[in-house]
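Trainee: I should like to go through this structure step by step, with a reason given for each answer. May we begin once it is on display?

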Amino acid sequence: MAQTPLTSATRLTKELGGRTLFSELSLVVHERERVVLIGPNGSGKSTLLRILAGIIEADGGEVRSRRDLRTAYVAQQDSFDDDLTISETLERTLLDGGVDPIDIPRRISVTIGSCEFPHGELQVSSLSGGWRKRLALARAFAIEPDLLLLDEPTNHLDINGIRWLEDYLLRIGCAVVLISHDRWFIERLAERIIEIDKRYPMGTFESTGGYGDFIENRAAFLEGLKQMQSSLANKVRREVEWLRQGVKARTTKSRARIDAANRMIKDLQGMKLDAERASLEFSASRRKTKELIKLDGVGTSIAGRKLFDNISLTLSPGMRLGIVGPNGSGKSTFVKVLLGQQEPDSGRVVTAPLLKTALFDQARRELPGGVTLKEALCPHGDSVVFQGQSLHVASWAARFMFAPQQLSLPVASLSGGEHARALLARLMLSDADVLLFDEPTNDLDIPTLEVLEEAFVTFPGSIVLVTHDRYFLDRTSTIVLGISDRASGLFAEFSQWDEAYVEASRSSPASSSERDPALRSSSTPRPKTKLTYQEQRELGGIESAILKAEERVGELEAQIFSPEISSDSVKLTQICADLARYKSEVERLYERWQELEEKKRAFGGP
């Protein structure tokens, strides 16, 4: 990792609405490194990113950046002019960014190709949520920044989109600082993780490496703090006993000891090492029925296109069904069929008598926006009944990390994470045989995700989960239903479906994201056998083929920057397509060369 600093923040302090988000926070970002910011909702991650982007100022401290630093920032929510096309949107961004107009056609073509848009003339208004997110990212990529700041970039992206973004960020030649709660995404990308949390003495904890390294290093750090807390507690106990005995001689020494004792007491009171978490526990009806919902050969089509076909399964207590597939593959339609909201085209759905279901809706429509938080959590009176026990609404709200003063706030003013927690609070009040969750992980911080995982595992009923969070899905599901053109059917776990999907993608016409060599490496390895005569000839000529392909890549890259080509959009588009094809060929040749070399060495070859 390069050690040349791009930007540094020193002793930053920021308050919002009379509440201190962070205090005395410092960090440094170096060239080409990938830094991930994590922490509880409300800890100030997004605010810090906006300070680094120069959008807002800190209340205290300073940010110093390298001269002429090009910074691009992508917020959680972006706004577009829906009347523009993709190309026009990128052009406006580049013009506003002061890019040389001569270079703009090249940048637009390269960005459209690398972000896998079919073409640049698509109207922004026609784009789905996932493609709008790609366009937001494309605007930042087109600037060709030195520092890229991303706030929850995987929101609205499906698994294919997340893989594409992972691959892009691994190749990009700039520093990246991003906020994410997607632990699989973090594991693959992070070179350094910074957690912002007030329980740490300096307000942050840093760890190099991926998410697994972070978990281990944080555990060791917190264990050290707990030992220090225990030692401090013993000292405080002795000092408190001394203070209670009274100090006979008011000497300078005794006054100093009193001051030191008071400081230790204050320090001990400020050491809260356990993370603040919501308390989640879903209520089941405790019915004894073994078959809650039974699907027999179910299939559905939309506009003549088959979404899924011949699905047979039985939901029983303790079963957690994960549903995966690209956006638009039919996952939400399957949930509607499961709930009886839509009739299947074929097969049948049989539900247990008087079946109780509860839905966590992706669009969060179950939570009315025109009421206060108190009214949303407790529509009638001041108390709720949870598992037969009456609880005051303030106590109930506290379980979900809401302060008493927030009860009078309108639901519309809540953050995404708070909105999700409020919806979970309502859901917990309903006894259910089957819980259905459509993208529940959006906007939730990692501590809440961990609690939600535990609540899923301990729920005695059945759970149906639609999510693009691979880590969460892998941790909670007992069986996975794949709905896609490339890998459909039931699988024992997410990793099994993932492997089947990647293998199917390799054997069919694939997009550039599906040709990612990192994805190919996860497929089932071929058994090793001795090199055939044809393979020996192939190995003998493969290095020459690699050199020729790399030379062609260099020639095409040089053409892209030539004035004649950059001003001709038709030629430029063709050259960009050729460049992508030759780069893919170089990757394929290198992979094949490595495969043949390993095979040769396995059988004693030189």
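Trainee: At roughly what angle do the axes of helix 4 (residues 129-142) and helix 5 (residues 159-171) cross?

Mentor: First, the basis: this is a predicted model, in which local features need pLDDT of at least 70, side-chain atom pairs count only at pLDDT 80 or more, and totals for chains, interfaces and linings use all residues. Residues are numbered from 1 along each chain as its sequence is written, and side-chain values use heavy atoms, with hydrogens and water left out. Helices (H or I, at least four residues) and strands (E, at least two) are DSSP runs numbered from the N terminus; axes are lines fitted to C-alpha atoms, for helices over the stretch in contact, and angles run from 0 to 180 degrees between N-to-C directions. The axes of helix 4 and helix 5 come within 12 Å, and they cross at roughly 10°.

Trainee: How is the direction of helix 4 relative to helix 5 to be described, roughly parallel or roughly antiparallel?

Mentor: Angles under 35 degrees count as roughly parallel, over 145 as roughly antiparallel, 65 to 115 as roughly perpendicular and the rest as oblique. The crossing angle of helix 4 and helix 5 is roughly 10°. Helix 4 is therefore, with respect to helix 5, roughly parallel.

Trainee: Which residues of helix 4 meet helix 5, and how many residues of the contact are charged?

Mentor: Contact means heavy atoms within 4.5 Å. From helix 4, Arg134, Leu137 and Phe141 meet Asn160, Gly161, Trp164, Leu165, Tyr168 and Leu169 of helix 5. Ala, Val, Leu, Ile, Met, Phe, Trp, Tyr, Cys and Pro count as nonpolar, Asp, Glu, Lys and Arg as charged, and the others, Gly among them, as polar. The contact thus divides into six nonpolar residues, two polar and, as charged, one.

Trainee: Is arginine 134 buried or exposed?

Mentor: Arginine 134 lies in helix 4 and touches Cys115, Glu116, Phe117, Leu157, Asn160, Gly161 and Trp164, leaving aside residues up to four places away in sequence. Buried means under 20% relative accessible area, exposed over 50% and partly exposed in between, with a 1.4 Å probe and protein chains only. Because its relative accessibility is 6%, arginine 134 counts as buried.

Trainee: Where is serine 125, and how does it count by accessibility?

Mentor: Serine 125 is placed in the loop between helix 3 (104-114) and helix 4. Its C-alpha is 9.8 Å from that of isoleucine 86, although the two are 39 residues apart in sequence. Because its relative accessibility is 47%, serine 125 counts as partly exposed.

Trainee: Which strands stand at the edges of the open sheet with the order 5-6-7-3-8-9?

Mentor: Two strands pair if DSSP finds at least two bridges between them. This sheet has six strands with mixed pairing; within it, strand 6 (residues 147-151) and strand 7 (residues 175-179) pair in the parallel sense over five bridges. Each edge strand has a single partner strand, so one side of each is left without a neighbour in the sheet: these are strand 5 (71-74) and strand 9 (204-208).

Trainee: In the open sheet with the order 14-17-18-12-19-20, how many bridges join strand 17 to strand 18?

Mentor: This sheet also consists of six strands with mixed pairing. On one side, strand 17 is joined in parallel to strand 14 by four bridges. Strand 18 (residues 462-466) also runs parallel to strand 17, and one of the partnerships is that of leucine 435 with isoleucine 463. The number of bridges joining strand 17 to strand 18 is five.

Trainee: Which residues of strand 17 point the other way from Val434, Leu436 and Asp438?

Mentor: In a regular strand the side chains alternate between the two faces of the sheet. Strand 17 is mostly covered, with five of its five residues buried. Val434, Leu436 and Asp438 point one way, and the other way point Leu435 and Phe437.

Trainee: How many of the 13 residues of helix 12 are buried?

Mentor: Helix 12 (residues 416-428) reaches 19 Å from its first C-alpha to its last, close to the 18 Å expected, the expected span being 1.5 Å times one less than the number of residues. Its buried residues are covered by elements including strand 14 (357-360), strand 17 (434-438) and helix 13 (446-458). Helix 12 is largely enclosed by the rest of the structure, because its buried residues number eleven.
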